[in-house]
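Student: Could you walk me through this one at the bench-side level? I'd like to start with the words you'll be using.

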Amino acid sequence: MSALPSRTAGSLPERIRAASRRPKTLGGAVPGAVSLAMGEPDSNTPQPVVEAAVRALRAGRTRYSQITGSPDLRREIASHLALSQGPGVDPANVVVTHGGSAGLAATVLALLNPGDRVLLPEPTYSLYADHAAMAGAKVEWISTRPDGSIDLHKLAAAAAGARMLILCNPVNPTGMVFSKADIEGVGAILRDHPDLYLLSDEAYSDIVFDEIAFTSAAELISVRDRVVLSGTFSKSYSMTGWRIGFICAAAAVAEKINLVHRTINGPLNTFVQDAAVEALRIPDKDLHALSARFQRRRDLVMRHLDGLDAVSVVRPLGAFYAFPRIDSALSSVELVQRFADGGVLVRAGSEFGPSGEGHVRLSFATDEAALEEGLRRFTHVINAL
């Protein structure tokens, strides 16, 4: 029997391990601690969505579905996107995926080759670098401006020869919502570089504050053939555990992404897709109420943080995160441990890119009582530093 091949520095697990900034204890709990670490809404999945899944199960909707996603769900997603982002979206543009993460991974694997350059305006969601490593691509971090907006000059300077730009909008971890001018500036960079794709992760697009308008990358009509939109049901509809998301792209690009996704994942859960159709029929007023609830929590967070001399933070405009910088000699990882010792869990800012060092990310997706207590403990640790 021949020996198993040894793992080399170029193997897939080693590439991911070398590139990843994500903690190995992601999702772990500390007894007695208040968690402000996880990006998961505290509310339950809306009851009509649950009931739709139960009806589907009772009706025997437990067999394989079509491998690109159920026709009903693809039509519903296309209709939903066309209403919010303008005409020109149809089911051929939609791939239903095993959560947003699988859609992101399939897109990266479908469109990147080993050695390709990927531009990541940061701080940003840490999984993108892991996905790039899977494809053997090289990440180039592009720091955003102090106010969290995109530094279009830096981005334009780095764009020559790059293959993909990945945006998170609204931004995990800062809560920034990119302006229409920022998005249009990105579109101009794509026009100047016809080999560059934009992957826009808009998982939090329904959660924006202060009555600001959200501008989707799908509105970049002149370069739509190179724009890939990633969406999920996890945040807007409190369906994190259901694992259902989607990709919207030009039909030829969507087919490539679908080929990769179906090769890795196979068909999706049929009854979950039926439930997702019901989710998309939830009235807009309910989504506005969701944003209003998180905005109240944002305001609560800001009241606590604004009174701390050692803390500076850009006011979140969307999602459900704040990204305070702590004036301290400790690293982000050391700060996380100090907060954990004080009974509150947060995430290290360095996880989200080089400029995140010295920051921590706290989530206000938890219930208000827990948020109040977590912020009290957070304040106690800051005052003791």
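Tutor: Sure: "buried" means under 20% relative accessible area, "exposed" means over 50%, and "partly exposed" is in between, with a 1.4 Å probe and protein chains only. This is a predicted model, so local features need pLDDT of at least 70 and side-chain atom pairs count only at pLDDT 80 or more, while totals for chains, interfaces and linings use all residues. Residues are numbered from 1 along each chain as its sequence is written, and side-chain values use heavy atoms, with hydrogens and water left out.

Student: Is Glu211 buried or exposed?
Tutor: Glu211 sits in the loop between β6 and β7; helices (H or I, at least four residues) and strands (E, at least two) are DSSP runs, numbered from the N terminus. Its phi is near 60°, a positive value in a residue other than glycine. With 83% relative accessibility, over the 50% cut-off, Glu211 is exposed.

Student: Ala319 has a positive phi too. Is Ala319 buried or exposed?
Tutor: Phi of Ala319 is near 60°, and the residue is in the loop between β9 (311–312) and β10. Its relative accessible area is 0%, so Ala319 is buried.

Student: Which residue of β8 is the bridge partner of Val95?
Tutor: Strands count as paired if DSSP finds at least two bridges between them. β2 (residues 94–97) and β8 (residues 245–248) clear that bar, running antiparallel over 4 bridges. Within β8, Gly245 and Ile247 point one way and Phe246 and Cys248 the other, all of them buried. Opposite Val95 you'll find Ile247.

Student: And which residue of β8 is the bridge partner of Leu229?
Tutor: β7 (residues 227–232) also pairs with β8, again antiparallel and over 4 bridges. The β8 partner of Leu229 is Cys248.

Student: How many disulfides does the count come to?
Tutor: A disulfide here is a pair of cysteine sulfur atoms within 2.5 Å. The closest cysteine sulfur to that of Cys168 is in Cys248, 18 Å away, which is too far for a bond. Both cysteines are buried, Cys168 at 4% relative accessibility and Cys248 at 11%. The count of disulfides is therefore 0.

Student: Which residues does Thr107 contact, leaving aside its neighbours within four places in sequence?
Tutor: Thr107 is part of helix α4 (residues 99–111) and is buried at 0% relative accessibility. Taking contact as heavy atoms within 4.5 Å, its partners are Met164, Leu199, Val228, Ile247 and Ile257.

Student: Which residues of the largest nonpolar core touch the most other members?
Tutor: A nonpolar core is a set of buried Ala, Val, Leu, Ile, Met, Phe, Trp, Tyr and Cys residues joined through side-chain atoms within 4.5 Å. The largest one has 33 residues, and those touching the most other members are Phe294, Val301, Phe320, Phe339, Val346 and Phe378.

Student: Which strands stand at the edges of the sheet that holds β14?
Tutor: That open sheet has 3 strands in the order β10-β14-β13, with antiparallel pairing. One side of each edge strand is left without a neighbour in the sheet because it has a single partner strand; the edges are β10 and β13 (347–348).

Student: Which β14 residue is the bridge partner of Ala322?
Tutor: β10 and β14 pair over 2 bridges in the antiparallel sense. Val301 contacts both Ala322 and Leu362. Across from Ala322 in β14 is Leu362.

Student: Which element gives the largest share of the lining of the largest pocket?
Tutor: On a 1 Å grid over the protein atoms alone, a pocket is an open set of points where a 1.4 Å probe fits, with protein on both sides within 12 Å along at least five of seven lines; lining residues have an atom within 4 Å of a point. The lining has 31 residues, with His80, Ser84, Ser205, Asp206 and Leu287 nearest the centre. At least two residues each come from α3 (71–85), β7 and α10. The largest share, 5 residues, is from α3.

Student: How far apart in space are Leu280 and Glu76, C-alpha to C-alpha?
Tutor: Leu280 is in the loop between α9 (270–279) and α10, and is buried at 11% relative accessibility. Its contacts include Glu76 and His80. Though 204 residues separate Leu280 and Glu76 in sequence, their C-alpha distance is 7.1 Å.
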